Amino acid sequence: MTARAPTRSGRWIEGWNPEDERFWAATGRRVARRNLIFSILSEHIGFSVWSIWSVLVLFMSPEIGLPFTAAEKFLLVVTPNLVGAVLRLPYAAAVTRFGGRNWTVLSSAVLLVPAALACYFVQQPGTPLWVFLLIGATAGVGGGNFSSSMTNITTFFPQRHQGWALGLNAGGGNLGVAAVQVVGLLVIAAAGSTSPAYVAAIYLPLIVVAAVCAALFMDNVDAVRARPGALREAAANKHTWWISVLYIGTFGSFIGYSSAFGLVLQTEFGATPLQAASWTFLGPLLGSVSRPVGGWMSDRLGGGRVTLWAFAGMAAGTAALLLASSAGSFAGYLAAFTALFVLTGIGNGSTYKVIPAIFAREAEDEVTGGGEAVVAFARARRLSGAVIGIAGAVGALGGVGINMAFRASYGSEAANGDAALAVFLGYYLLCALVTWTVYLRGALRSTPAPQPAPSRAEAARA
């Protein structure tokens, strides 16, 4: 089936097949890049709203009538993480039902709810913690945007370009975490540490812009539609769960450290809101920028190899954090934490690159065994999208674990984060072992394998 000329009327583009070289050169590349740009914008705003409470808690003090303890603040920042993780799976499925453009418009517009609620209630002294927990839960919708965006963008690009495209999409979205930290810093510098409402208010018009741009410039693609049972089929595949374990270590660490970093600096070193905000943006910024680098490296070196190096570096960085903590070195702690953020970004990009490579290799094996190429590669593309949704949901739970571990560690007699860091170190070593055993030493390797170009009918059958 020949692809129809792309429209922005809400209709589905049929016959989308980026693996066809002529179609990709004539039409696919231009349409894919346009959708990628506005997908990044929407996801970026979503991440900012998802992470906004990591900034707002820095303002909460008796001075503005919100005298919450460190343990209560950690509970507040973990709530959006948990809800966002739970929403990722239905958000990924929603794209296959409603279309990328349609769902992006809706998921962007709904961000107005948590932003408006936060803007109002942080100005109300004496508001109880449970109210803020409920508002924080609504901010979790920003975390769901990631899975729907990644599932959608996977369909637009051929397998050989997916590492870079997914890295750009996710990295641009992840930059929303750093952006909201910068907004918080600017608000503190301009209006002081008693005006948290400005942080949320700034995002209200930006949310409207993201929703309108998605409506005007994005497309629905027929190839993103999944057959019934795609998630069940993916859940039955062992690699779905191995990838999820690794993604807990990479993305879970990124989002968990991003939301906890300011509170850790305040609790560990007694930093003021301005001092904490002056540094908290740096790690998420570098972690976001390094994500497409991880995807680019994986396109050339193989996702398994890059992921192994990333986990080895994360283990070393965590050990350096423990040394800096024991020495009471603020500079050493910042340096080690910043290095960790960079490595989580690289690991995020490389881990997601492993997913399409796994199923491309399985499809190739199926064809070698006598299977039909079109069917095999259509199944590979369908399963890749489903696994992205599952791994995104499970991986985001790592952010919950990071914050809960810090909360427990700082609530102990030691009153520092060393116990939590020791747990993280052990998990990174476990992830390195899994990567080596499953994706490097084993028969299945994650280096991208060449694949025959399927016919144009593949997208419609997928």
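**Buried cysteines, helices and a surface patch**

Cys213 counts as buried, because its relative accessibility is 16% and the cut-off for buried is under 20%. This value comes from a predicted model. A second cysteine, Cys431, is also buried, with a relative accessible area of 0%. The structure holds zero disulfides.

Cys431 belongs to helix α17, where it is one of a set of buried residues. Among the others are Ala420, Leu421, Phe424, Tyr428, Ala432, Val434 and Thr435. Val438, Tyr439 and Leu440 are buried there too. An α-helix has 3.6 residues a turn, so residues three or four places apart point the same way. Helix α17 covers residues 418-441. Its 24 residues should span 34 Å at 1.5 Å a residue, and the end C-alpha atoms are 33 Å apart, so the two values agree.

Two other helices were examined for length. Helix α14, residues 303-327, has 25 residues. From its first C-alpha to its last it reaches 36 Å, close to the 36 Å expected at 1.5 Å a residue. Gly328 comes just after α14 and takes a positive phi of about 65°. Helix α7 runs over residues 141-156. Its 16 residues should span 22 Å at 1.5 Å a residue; the end C-alpha atoms lie 24 Å apart, which agrees. Burial is complete in this helix: 16 of the 16 residues of α7 are buried, so the rest of the structure largely encloses it.

A nonpolar patch lies on the surface. Leu112, Val208, Val212, Leu216 and Phe217 form this patch. Together they have about 380 Å² of accessible area. Helix α9 gives the most to the patch, with four residues. Phe217 is found in α9. Phe217 counts as partly exposed, because its relative accessibility is 31% and the partly exposed class lies between 20% and 50%.

The chain then enters a loop between α9 (197-217) and β2 (220-221), and Asp219 has its place there. Asp219 counts as buried, because its relative accessibility is 0%. The side chain of Asp219 makes a polar contact with the side chain of Arg34, at 2.8 Å. Asp219 can also be placed relative to Asn152. The two are 67 residues apart in sequence. In space, they are 10.0 Å apart, C-alpha to C-alpha.

Conventions
Residues are numbered from 1 along each chain as its sequence is written. This is a predicted model: local features need pLDDT of at least 70, side-chain atom pairs count only at pLDDT 80 or more; totals for chains, interfaces and linings use all residues. Side-chain values use heavy atoms; hydrogens and water are left out. Helices (H or I, at least four residues) and strands (E, at least two) are DSSP runs, numbered from the N terminus. Buried means under 20% relative accessible area, exposed over 50%, partly exposed in between (1.4 Å probe, protein chains only). A polar contact is a pair of N or O atoms within 3.5 Å; within protein, one must be able to donate a hydrogen and the other to accept it, and residues adjacent in sequence count only if both atoms are side-chain atoms. The expected span of a helix is 1.5 Å times one less than its number of residues. Patches are made of residues with over 30% relative accessible area and no salt bridge: like charges are joined within 9 Å, nonpolar side chains (Val, Leu, Ile, Met, Phe, Trp, Tyr) within 5 Å. Accessible areas come from the Shrake-Rupley method with a 1.4 Å probe; for residues, only the protein chains shown count as cover. A salt bridge is a side-chain nitrogen of Lys or Arg within 4 Å of a carboxyl oxygen of Asp or Glu. A disulfide is a pair of cysteine sulfur atoms within 2.5 Å.
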